[in-house]
Amino acid sequence: MAATTGLVFAMLFIAFDMLLLMESGQMVITTQVDNPLPHEIDCEKACDARCRLSSRQKICKRACGTCCARCQCVPPGTSGNYDVCPCYANMTTHGGRHKCP
């Protein structure tokens with residue numbers, strides 16, 4: 001009987017060790033990385049800069065403002081640079097044309 005009790009305790013000890021090893025293997029260490037981009041940008045200011053050379057500034061700013069509100073980014077410069085903000089670049093109108101200036 002003593003041998004059986006010792007065997008049971010040994011098996012429980014091994015099972016407990018295995019459980020601890022399995023849990024320790026699943027632990028995930030996370031580090032907080034500061035996001036270089038702000039969560040919310042000033043869309044009015046960004047769209048003013050984006051549309052400053054447009055011949056139709058009011059329409060440009062309205063479209064840019066909508067895109068900025070949805071994507072939270074506006075590409076730098078007055079045109080192009082869509083690779084910086086894929087959301088902005090991929091937004092289209094119902095007619096399939098680029099929505100964002």
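1. The accessible surface of the protein chain amounts to about 8,200 Å², and carbon and sulfur atoms account for 61% of that area. The model under review is a predicted one. Of the 101 residues in the protein chain, 17% are buried.

2. As to secondary structure, the protein chain holds four helices and zero strands. Read from the N terminus, the order of elements is α-α-α-α. Among contacts in the protein chain with a separation of 6 or more, 46% join residues that lie 24 or more positions apart.

3. The largest nonpolar core comprises 13 residues, and Cys64, Val74 and Tyr88 are those with the most contacts inside it. Two elements, H2 and H3, each contribute two or more residues to this core. The greatest contribution is that of H3, which supplies five residues.

4. Valine 74 deserves a separate remark. When neighbours within four places in sequence are set aside, valine 74 is in contact with Ile41, Ala46, Cys47, Arg50, Cys64, Cys68 and Tyr88. Two of these partners, Cys64 and Tyr88, are listed together with Val74 as the core residues with the most contacts inside the core.

5. Which side chains meet in a salt bridge? They are those of aspartate 48 and lysine 61, with an N to O distance of 3.2 Å. The count by the rule applied here is one salt bridge. The pair links distant parts of the chain, 13 residues apart: aspartate 48 belongs to helix H2 (residues 43–50) and lysine 61 to helix H3 (residues 57–71). In general, side chains of opposite charge can pair when their charged atoms come close.

6. Are the two partners of this salt bridge buried, exposed or partly exposed? Aspartate 48 has a relative accessible area of 33% and is therefore partly exposed. Lysine 61 is likewise partly exposed, because its relative accessibility is 32%. Both values fall between the limits of 20% for buried and 50% for exposed.

7. Two backbone positions call for inspection. Most residues other than glycine have a negative phi. Glutamine 72, although not a glycine, has a positive phi of about 60°. Its place is in the loop between H3 and helix H4 (86–90). With a relative accessible area of 26%, glutamine 72 is partly exposed.

8. Asparagine 81 is also not a glycine and has a positive phi of about 60°. Asparagine 81 lies in the loop between H3 and H4. At 37% relative accessibility, this asparagine 81 counts as partly exposed.

How values were computed. Residues numbered from 1 in each chain as written. Predicted model: local features only at pLDDT ≥ 70, side-chain atom pairs only at ≥ 80, totals over all residues. Heavy atoms only, no water. Salt bridge = Lys/Arg side-chain N within 4 Å of Asp/Glu carboxyl O. Buried < 20%, exposed > 50% of the residue type's maximum accessible area, 1.4 Å probe, protein only. Core = buried A, V, L, I, M, F, W, Y, C linked by side-chain atoms within 4.5 Å. Contact = heavy atoms within 4.5 Å. Areas by Shrake-Rupley, 256 points an atom, 1.4 Å probe, with all protein chains shown as cover.
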